[in-house]
Amino acid sequence: MNLRTRMKTGLLGVTGAALLVGGLTAAHPATAQPAPAVNSLSGMKVNAVKTVHVNAAGVSCRIGYITITRTSMCLDVSARVDVLRNGRPVGNATFEVKHSMTLKTNKLKWGESFTVGKARLVNASGISVSVAVGAGKGVKTSVKFPQGSRLGPAHKGTVSYSASVKKHKQLSNPASYRFTFTKPGYTIGTGGYKSAKFRCDDTFWSRDNTRRVKNPGCVFPGYAPVFGLSRSDSKVNESAQHILDAQRAITGHPGASSPLHRITDERTIDKHRRAMCGRTHAPSGKDCDEYPFAATKEGGNPRRGSIRVISASDNRTAGARLGGFYKSQRVLSNDAYYVQIK
């Protein structure tokens with residue numbers, strides 16, 4: 001073989017090899033890999049709740065309700081977290097969370113207990129839950145809960161609250177509950193809700209501002225407390241009878257069917273008294289008694305009010321009890337309350 005032939009054969013071999021490789025590539029294309037699934041947990045879904053007000057003796061906690069008195073709250077909710085794959089539900093965890101909070105009318109510290117209830121798991125094993133609680137500016141919180149607990153069995157926790165409020169000031173906030181859910185290989189899910197709004201104040205001071213007449217404390221202002229007098233109580237029976245008669249006679253039954261609202265501005269209170277009793281002469285040992293009370297928004301209107309001359313001792317004893325009621329229930333300006341006569 002001459003040099004020309006050898007060169008031609010070598011080129012053909014190289015070319016043939018290249019063609020062979022190309023042929024193999026064409027015959028066995030690379031297999032396309034599917035995109036990995038995106039696994040995630042949904043945000044916590046909570047059913048709507050209704051707020052109900054009950055007498056202290058009849059507190060009853062129910063799922064789907066915030067139940068409050070002046071100083072206590074039950075909050076029971078139903079919740080669900082979905083397990084998602086590529087945005088579609090493939091499982092879920094359903095459970096209830098129950099809260100019980102008790103305020104103190106003469107302290108700025110209080111507590112709460114809560115339970116993340118037994119969960120029903122459908123293709124949702126391995127989900128863990130952590131809980132955080134905040135209560136706004138002026139309130140510190142401390143949560144004790146087995147953070148990172150697996151959903152399934154019930155888990156209990158507590159919250160300690162400590163408020164700070166300045167002289168003659170008040171703060172009003174709800175507690176905010178924040179839940180975080182994790183599962184290995186899944187993006188996290190979160191969610192939360194709020195408690196009934198509580199209020200703490202330091203507003204009960206003597207007129208000269210030199211001493212407190214009631215230590216600072218907290219209540220649920222959304223609950224209208226009830227001031228009571230009895231016609232069988234000889235010390236206030238005249239006041240009680242007058243109030244009952246007035247409630248029956250005045251359209252809307254202020255204080256009975258509809259609440260009264262306290263006012264604290266002394267000039268307005270004096271104006272209300274003059275409007276109702278300014279032209280009434282009460283003999284010695286007697287007072288002109290007005291209803292609705294002068295220290296209410298509803299007072300001071302002769303066309304929607306009642307006056308009666310009664311024993312001064314009776315009238316002033318009833319007034320002192322009303323003042324004590326304002327302090328014990330932390331009834332501030334504009335707060336609603338009812339009057340019940342037995």
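Which strands make up the open sheet of three strands, and in what order? The order is β18-β22-β19, with mixed pairing, where two strands pair if DSSP finds at least two bridges between them. Strands here are DSSP runs of E of at least two residues, and helices are runs of H or I of at least four residues, numbered from the N terminus. This is a predicted model, in which local features need pLDDT of at least 70 and side-chain atom pairs count only at pLDDT 80 or more, while totals for chains, interfaces and linings use all residues. Residues are numbered from 1 along each chain as its sequence is written, and side-chain values use heavy atoms, with hydrogens and water left out.

Select 226–229 and 260–261 next: these are the edge strands β18 and β19, each of which pairs on one side only. Adding residues 336–341 brings in β22, which runs antiparallel to β19 and is joined to β19 by two bridges; tyrosine 337 in β22 is the bridge partner of leucine 260.

Now show residues 237–249, helix α2, which packs on the sheet by touching β18 and β22 (contact: heavy atoms within 4.5 Å) and whose direction makes about 110° with that of β22. Residues 312–328 form helix α4, which lies across β18 and β22 and runs at about 155° to β18; such angles run from 0 to 180 degrees between N-to-C directions, with axes fitted to C-alpha atoms, for helices over the stretch in contact.

Finally, move to aspartate 201 in strand β16, residues 198–201. Leaving aside neighbours within four places in sequence, aspartate 201 is in contact with residues including Lys169, Arg330 and Leu332.
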